[in-house]
Amino acid sequence: KVHEALGNEEAALADLKRAVELAPAEPNVHEALGDFFQKRHEYEAALQEYSKFIQWAPSSAKAHASRGAAYNALGRYEKALIDLRHGYGLDRSEPSAAIALAWLLATAPPELRNPQEALDIVRQHIEISNNGFAALGAAHYRLGDFEAAHAALIRAESASQGADCAETRLFLAMTCWQLGQYHEARKWYDEAATWLDHEQSRRNVHIQSVLSETTSLMAAPDKD
């Protein structure tokens, strides 16, 4: 963790792999290594570590939420939904499981999408997790309440403190477009595109699907 904080990713990776070798049955080391791979957009590798996390901590809601997030990034939405629902069922007080499930229900392909359920879940956890505002905004967007979506997504963007949050910015772009705020929509789209231009981000199938949806929406003629 010290190496990672200092930006020495290779040294951090070596430390984490050594920790796994020393304690292969310790759930937390698999969680940490999975998180490391997830941050680097190496989702298949993250998936393997999260599966080991689950193997050694099958009743951990966080373990199932983490693997569900990796499945989501890979576009394996049905498997993601299974893991996230299971994690949420194990511990409904665990914010990571609740918010990840709400996010997927709001942003998944139409056949798996349930924005009302997403809204109901995220409202129970919004006070204890800033991460919930993105899911709240996405759920409002899907339900056609663009003003509420905009307020929640702006809150999510503020809470990010400059961290990469391309999906939030894409939903902001779509929301502004629906509200007729075309200049603002283009601004948010361009800010998301800056991050999405990195090669690693192209590995995230889910983000690419949101990008495609946003691009299609904004290809329609505007009033500017």
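Helices here are DSSP runs of at least four residues, numbered from the N terminus. With that convention in hand, a tour of this predicted model can start at His125, which sits in the loop between helix H8 (115-123) and helix H9 (132-142). The residue has a relative accessibility of 4%, and because buried means under 20%, His125 counts as buried. Its side chain reaches the backbone oxygen of Arg92 at 3.0 Å. Leaving aside residues up to four places away in sequence, His125 touches Tyr88, Arg92, Ser93, Pro95, Ala98 and Ile99. Arg92 therefore appears both as the backbone partner of the His125 side chain and among the residues that His125 touches.

The two helices that flank this loop also pack against each other. The axes of H8 and H9 lie 9 Å apart, at an angle of about 150 degrees. Angles over 145 degrees count as roughly antiparallel, so this label applies to H8 and H9. Their crossing is left-handed. On the H8 side, the residues involved are Pro115, Ala118, Leu119, Val122 and Arg123, and they meet Gly132, Ala135, Leu136, Ala139, His140 and Arg142 of H9.

Helix H9 has a further partner in H7, which spans residues 95-107. In this pair the axes are again described by a separation of 9 Å, with a packing angle of about 25 degrees. That angle makes H7 roughly parallel to H9. H7 passes H9 in a left-handed crossing. From H7, Ile99, Ala102, Trp103, Ala106 and Thr107 take part, meeting Gly132, Ala134, Ala135, Ala138, Ala139 and Arg142 in H9. Ile99 thus links two parts of the picture: this H7 residue meets H9, and it is also touched by His125. Within H9, Gly132, Ala135, Ala139 and Arg142 are listed among the residues facing H7, and Gly132, Ala135, Ala139 and Arg142 are likewise listed among those meeting H8.

A second histidine deserves a look for its backbone. His41 lies in the loop between helix H3 (27-39) and helix H4 (43-56). Most residues other than glycine have a negative phi. His41, which is not a glycine, has a positive phi of about 65 degrees. What is its exposure class, buried or exposed? With a relative accessible area of 12%, His41 is buried.

The helices on either side of His41 each supply a residue with a partner elsewhere in the sequence. Asp35 lies in helix H3 and is partly exposed, at a relative accessible area of 23%. Its C-alpha atom is separated by 9.7 Å from that of Ala70, 35 residues apart along the chain. In helix H4, Ser51 is partly exposed as well, with a relative accessible area of 27%. Ser51 and Glu31 are 20 residues apart in sequence, and their C-alpha atoms are 9.3 Å apart in space.

Turning to the chain as a whole, the secondary structure comprises 13 helices and zero strands. Of the 224 residues in the protein chain, 50% are buried. Among contacts with a separation of 6 or more, 52% come from residues 24 or more positions apart. The chain exposes about 11,000 Å², and carbon and sulfur atoms supply 50% of this area.

How values were computed
Residues numbered from 1 in each chain as written. Predicted model: local features only at pLDDT ≥ 70, side-chain atom pairs only at ≥ 80, totals over all residues. Heavy atoms only, no water. Buried < 20%, exposed > 50% of the residue type's maximum accessible area, 1.4 Å probe, protein only. Polar contact = N/O pair within 3.5 Å; in protein donor to acceptor, adjacent residues only side chain to side chain. Contact = heavy atoms within 4.5 Å. Areas by Shrake-Rupley, 256 points an atom, 1.4 Å probe, with all protein chains shown as cover. Axes fitted to C-alpha atoms, helices over the stretch in contact; angles between N-to-C directions. Parallel < 35°, antiparallel > 145°, perpendicular 65-115°, else oblique. Left-handed = near helix turned anticlockwise from the far one by under 90°.
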